[in-house]
Amino acid sequence: MDIQLRDMVSADLFKVADLERRLFSDPWSIDSFRGALRSQNQVFLVCDDDGTIAGYCGMLMVPGEGQILNVAVDENYRRRGLATEMMNSMVDIGTTNEVFLYTLEVRESNAPALALYKSLGFVPTGRRKGYYKNPEEDAILMDLDLTDPNTLKRFGIED
Ligand SMILES: CC(C)(COP(=O)(O)OP(=O)(O)OC[C@H]1O[C@@H](n2cnc3c(N)ncnc32)[C@H](O)[C@@H]1OP(=O)(O)O)[C@@H](O)C(=O)NCCC(=O)NCCS
């Protein structure tokens, strides 16, 4: 299998929005994705398996901070490292733009996503009560601070 990681383009929008609708109870609309593609400070990547969108990931970059917006992998392509590859690419793109802090929110009950983010070095930093709807649920806030010596230690890199 030869899955290509590349920038999302307009031609992907219908397939991406379709996957988003299948995976999330409160999905982004196709117009939200379209707007994101036009934005200068948002990066969207897809995993393309010969025309099938196997996954996608988005990040909003504000000065000094990368906010991970969405990470999704089609059920048929899970546990093959695709989300890890997309997230690592986001961090590579971010660091090239001098972004060393990455933040995200995740549903408290979303064990696969929590495990993914922890495996990438994200740590829980807080909670937002009732942040999600359909069903209502708290968000766990997580971040990856590449300037924090503890982050470096977790990866076996000492200052
Ligand atoms: C969360 C999600 C993006 C993970 O995608 P993926 O491509 O399967 O993830 P990876 O293969 O890169 O997994 C990396 C690590 O994350 C953890 N992980 C991922 N899925 C897991 C699961 N179902 N159970 C436990 N750990 C899991 C594991 O540590 C895994 O490493 P391993 O496979 O070597 O054990 C995917 O399950 C998904 O799209 N879920 C629905 C949408 C969603 O919830 N997105 C996140 C919104 S915040």
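# Notebook: a ligand between two domains

I began with Leu152, which is partly exposed, with 15 other C-beta atoms within 10 Å, and I placed Leu152 in helix H5. I kept in mind from the start that this is a predicted model. To get a sense of distances, I looked up Leu152 together with Asp26: they are 126 residues apart in sequence, and their C-alpha atoms are 35 Å apart in space.

**Entry on Leu146.** From helix H5 I went back along the chain to Leu146, which sits in the loop between strand S7 (137-145) and helix H5 (149-154). I asked whether Leu146 is buried or partly exposed. It has 16 C-beta neighbours inside 10 Å, and because a buried residue needs 20 or more, Leu146 counts as partly exposed. When I set aside the neighbours within four places in sequence, I found Leu146 in contact with Phe100 and Thr151. I also checked Leu146 against Val73, which is 73 residues away along the chain, and found 25 Å between their C-alpha atoms.

**Entry on the domains.** I then turned to the domain assignment, which gives domain 1 (1-99) and domain 2 (101-159). The C-alpha centres of the two domains lie 18 Å apart, and I noted that 13 residues of domain 1 are in contact with 9 residues of domain 2. On the side of domain 1 that touches domain 2, S4 and H3 each supply at least two residues, and H3 gives the most, with 5 residues. I sorted the residues of that side by class and wrote down 5 nonpolar, 6 polar and 2 charged.

**Entry on the ligand.** Next I asked where the ligand lies with respect to the domains. Domain 1 and domain 2 both give residues to the shell around the ligand, so the ligand lies between them. I listed 19 residues surrounding the ligand, and the closest are Arg78, Ala83, Thr84, Pro112 and Ala115. Which elements each supply at least two residues of this shell? I found strand S4 (65-73), helix H3 (82-96) and helix H4 (111-119), and the largest share, 6 residues, comes from H4. By class, the shell has 12 nonpolar, 4 polar and 3 charged residues.

**Entry on helix H3.** Since H3 had come up both at the domain contact and around the ligand, I looked at this helix more carefully. At 1.5 Å a residue, the 15 residues of H3 should span 21 Å, and the end C-alpha atoms are 21 Å apart, which agrees. I then asked which residues of H3 are buried. They are Leu82, Ala83, Met86, Met87, Met90 and Gly94. These buried residues cover an arc of only 130° around the axis, which puts them on the same side of H3. To make sense of that spacing, I recalled that an α-helix has 3.6 residues a turn, so residues three or four places apart point the same way. On the other side of H3, I found Asp92 and Thr96 exposed. The buried residues of H3 pack against strand S1 (4-7), strand S2 (42-49), strand S3 (52-62), S4, strand S5 (101-107) and H4. After H3 comes Glu98, and I noted that its phi is positive, near 60°.

**Entry on backbone angles.** The value at Glu98 led me to look for other backbone angles of this kind, because most residues other than glycine have a negative phi, and most peptide bonds are trans. Asp50, in the loop between S2 and S3, has a positive phi near 50°. Asp50 is exposed, with 9 other C-beta atoms within 10 Å, and 12 or fewer is the cut-off that makes a residue exposed.

Asn134 also has a positive phi near 50°, and I found this residue in the loop between S6 and S7. By the count of 9 other C-beta atoms within 10 Å, Asn134 is exposed. Which residue does a cis peptide bond join to Asn134? The partner is Pro135, with omega about -5°, and Pro135 is found in the loop between strand S6 (123-132) and S7.

Notes. Residues numbered from 1 in each chain as written. Predicted model: local features only at pLDDT ≥ 70, side-chain atom pairs only at ≥ 80, totals over all residues. Near = placed C-beta within 6 Å. Helix = DSSP H or I, 4+ residues; strand = E, 2+ residues; numbered from the N terminus. Nonpolar A, V, L, I, M, F, W, Y, C, P; charged D, E, K, R; others polar. Domains from an automatic or database assignment. Expected span 1.5 Å × (residues − 1). Arc of directions from axis to C-beta. Contact = placed C-beta atoms within 7 Å.
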